[in-house]
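Take a moment with the sequence and the model. Then follow the side chains from one contact to the next.

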Amino acid sequence: MSVQIIETHPFPPVLPARATVMMMGTFPPKSEKRCMEFHYPNFQNDMWRIYGLIFFEDKEYFQVPGEKRFDAERIKAFLHERGIASCPTVIKAVREQGNASDKFLKIVEPVNLTQVLQKVPNVRWLFTTGGKATEALFSLVPELKLKEPKTNEYIDFPFQGHELKLYRVPSTSRAYPLSLEKKAEAYRKFFELSGILK
């Protein structure tokens, strides 16, 4: 019988004090699959290309020129400037197949959302980047009997006195069968709805 290794999420959340929206994913790939030590670090993942397209009309905006990696410091500065927080929903987990697939991710410890929200008191929107992240948030409020939002939809998500809304955007994994342009369109819709993009 193989021993299950419990891993702790390697990156701290990015919590700009003035943030009004918070992006919530799950777990990064193992270190050998990362092109940087920051959220969404797999070069094959389209997250930072989507942000580049939406905010700068350039999918390579956050890429280090001529290299297959993203610029973590540039991304961090951008998130602070725009008031976008990024926080994992999963703090400790077991990779049941040894890979980054949410399908085989066993959540051991979800995020302490109470503590996180104390640092970003202006957040009104949470947006999840996949089913597992949504599931992790729902595990924090079992008493509410909420119904998970479909992709590109949102629900009211009351949490300990915070009147939040929970929006679900498409996964940015290349495994998710949607073009980069269509994914960017979906994210743009969310950022317009939440007031980040005027």
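Over which ring does the charged end of Arg74 sit? The ring belongs to Tyr61. The charged end of Arg74 lies 3.9 Å from the centre of that ring. Keep in mind that this is a predicted model.

A second arginine does something similar. The charged end of Arg49 sits over the ring of Phe43. Here the distance to the ring centre is 4.7 Å.

Now turn to rings that meet rings. A search of the whole structure finds 24 aromatic pairs. One of them is formed by Tyr51 and Phe191. Their ring centres are 5.5 Å apart. Their planes stand at 65 degrees, so the pair is edge-to-face; the cut-off for that label is over 60 degrees. Where do the two residues sit in the chain? Tyr51 is in helix H1, which covers residues 47-56. Phe191 is in helix H5, which covers residues 180-193. The two are 140 residues apart, and the pair links these distant parts of the chain.

Are these two rings' residues buried or exposed? Tyr51 is buried, with a relative accessible area of 0%. Phe191 is buried too, and its relative accessible area is also 0%.

Stay with helix H1 for another pair. Phe55 and Phe78 also meet edge-to-face. Their centres are 5.0 Å apart, with 65 degrees between the planes. Phe55 lies in helix H1, while Phe78 lies in helix H2, residues 72-82. The pair therefore ties together parts that are 23 residues apart in sequence. Phe55 has 10% relative accessibility, so it counts as buried. Phe78 has 4% and counts as buried as well. The cut-off behind both calls is under 20%.

Finish with a third arginine. Arg34 is found in the loop between strand E2 (21-24) and H1. Its relative accessible area is 19%. That value is under 20%, so Arg34 is buried.

What does the side chain of Arg34 reach? It reaches the backbone oxygen of Pro29, at 2.9 Å. The side chain of Arg34 also joins that of Glu37 through a polar contact of 3.1 Å. Look next beyond the sequence neighbours within four places. There, Arg34 is in contact with Pro10, Phe11, Pro28, Pro29 and Pro41. Pro29 thus appears twice in this picture: its backbone oxygen is reached by the Arg34 side chain, and Pro29 is listed among the contacts of Arg34.

Note on methods: Residues are numbered from 1 along each chain as its sequence is written. This is a predicted model: local features need pLDDT of at least 70, side-chain atom pairs count only at pLDDT 80 or more; totals for chains, interfaces and linings use all residues. Side-chain values use heavy atoms; hydrogens and water are left out. Rings of Phe, Tyr and Trp (its six-membered ring) pair if their centres lie within 6.5 Å; planes under 30 degrees apart count as stacked, over 60 as edge-to-face and the rest as tilted. Helices (H or I, at least four residues) and strands (E, at least two) are DSSP runs, numbered from the N terminus. Buried means under 20% relative accessible area, exposed over 50%, partly exposed in between (1.4 Å probe, protein chains only). A charge sits over a ring if NZ of Lys or CZ of Arg is within 6 Å of the ring centre and within 35 degrees of the ring normal. A polar contact is a pair of N or O atoms within 3.5 Å; within protein, one must be able to donate a hydrogen and the other to accept it, and residues adjacent in sequence count only if both atoms are side-chain atoms. Contact means heavy atoms within 4.5 Å.
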